[in-house]
Structure formats: structure tokens, C-alpha cells
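Dear colleague,

I am passing on the structure we spoke about, and I would be glad if you could look through the aromatic contacts with the notes below at hand.

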Amino acid sequence: QVQLVESGGGLVQPGGSLRLSCAASGSIVEINVMGWYRQAPGKERELVATMTTGGTTNYQDSVKGRFTISRHNAKNAVYLQMNSLKPEDTAVYYCNADVVAWLGPGTRTSDYWGQGTQVTVSS
């Protein structure tokens, strides 16, 4: 079993900053891609940013230049620094990880999600 636990959401004024954190735990062999997705009310879940173990990043166009994703591979953790926040960034943010985990005598690669953390940008 693998668990992802997020923290760092909250209420912030437009132009403000927040830092999200996510830590993975459990029977982990290695984690390939880690990233952040978000889902606003009435909308589908969308990619915000991802990062490979080697450091390759991918961002949604609307957050480029404002958000920065980073990882601490030894801690199985991923972070999202969000600056210059806008009301349209309001959503539940989910951590995601592509994890190779121990399963019985071998390993298995599966996709895991955190429980989500609310980010609200409002004056």
C-alpha cells in the first residue's frame, strides 16, 4: 500500500503565494513521475505540473512563470510553489505519483492520488 498526503492549501488573496507539499509513504521501490492536478467546481480534473525523477518538468500553460514544481527524491516528496495566484487558480489540488511498489514477491507500478487540498484565491 502507498499513501500520498498533501498539505499547504488555504485561503489567499489575489497576487499572494502558497506552497503545497505532498509526501508518499508505504512499500515504495521507486517513484517515476510526481505531479499536481487540480479540479475546480463543475470542471474536469486538469494537469498543473509534473516532474520526472530526473527533473524534467511539464506545466500547464496558464501556470507557467507563476508556479514551480520541485521534488525531494530521497523523501518521496513533491512540492508546488504557487506565486501571483489568481481567482481562477481556485480548486482542489491533488498530488499524483506513478509508483513502483512491493507487491508480494515482486513489484507493481500503479498510479496513486492524494486526498486533495483546497486552494481558494479570493479577496
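A residue is called buried under 20% relative accessible area and exposed over 50%, with partly exposed in between. Trp113, at 35% relative accessibility, therefore counts as partly exposed, whereas Tyr94, at 14%, counts as buried. Please keep in mind that this is a predicted model.

A search of the whole structure for aromatic pairs returns 2 of them. In one, the ring centres of Tyr37 and Trp113 are 5.1 Å apart and the planes meet at 65°, so this pair is classed as edge-to-face. The two residues come from distant parts of the chain, since Tyr37 belongs to strand β4 (residues 28–39) and Trp113 to strand β10 (residues 106–113), with their positions 76 residues apart in the numbering.

Tyr94 and Trp113 also make an edge-to-face pair, with 6.5 Å from centre to centre and 85° between the planes. Because Tyr94 lies in strand β9 (residues 91–103) and Trp113 in strand β10, this pair ties together parts that are 19 residues apart in sequence. Taken together, Tyr37, Tyr94 and Trp113 form one aromatic cluster.

There is also a charged residue to consider alongside these rings. Arg45 lies over the face of Tyr94, at 3.7 Å from the ring centre, and the charged end of Arg45 also sits over the ring of Trp113, 4.6 Å from the centre of that ring.

With best regards

Terms used: Residues are numbered from 1 along each chain as its sequence is written. This is a predicted model: local features need pLDDT of at least 70, side-chain atom pairs count only at pLDDT 80 or more; totals for chains, interfaces and linings use all residues. Side-chain values use heavy atoms; hydrogens and water are left out. Rings of Phe, Tyr and Trp (its six-membered ring) pair if their centres lie within 6.5 Å; planes under 30 degrees apart count as stacked, over 60 as edge-to-face and the rest as tilted. Helices (H or I, at least four residues) and strands (E, at least two) are DSSP runs, numbered from the N terminus. Buried means under 20% relative accessible area, exposed over 50%, partly exposed in between (1.4 Å probe, protein chains only). A charge sits over a ring if NZ of Lys or CZ of Arg is within 6 Å of the ring centre and within 35 degrees of the ring normal.
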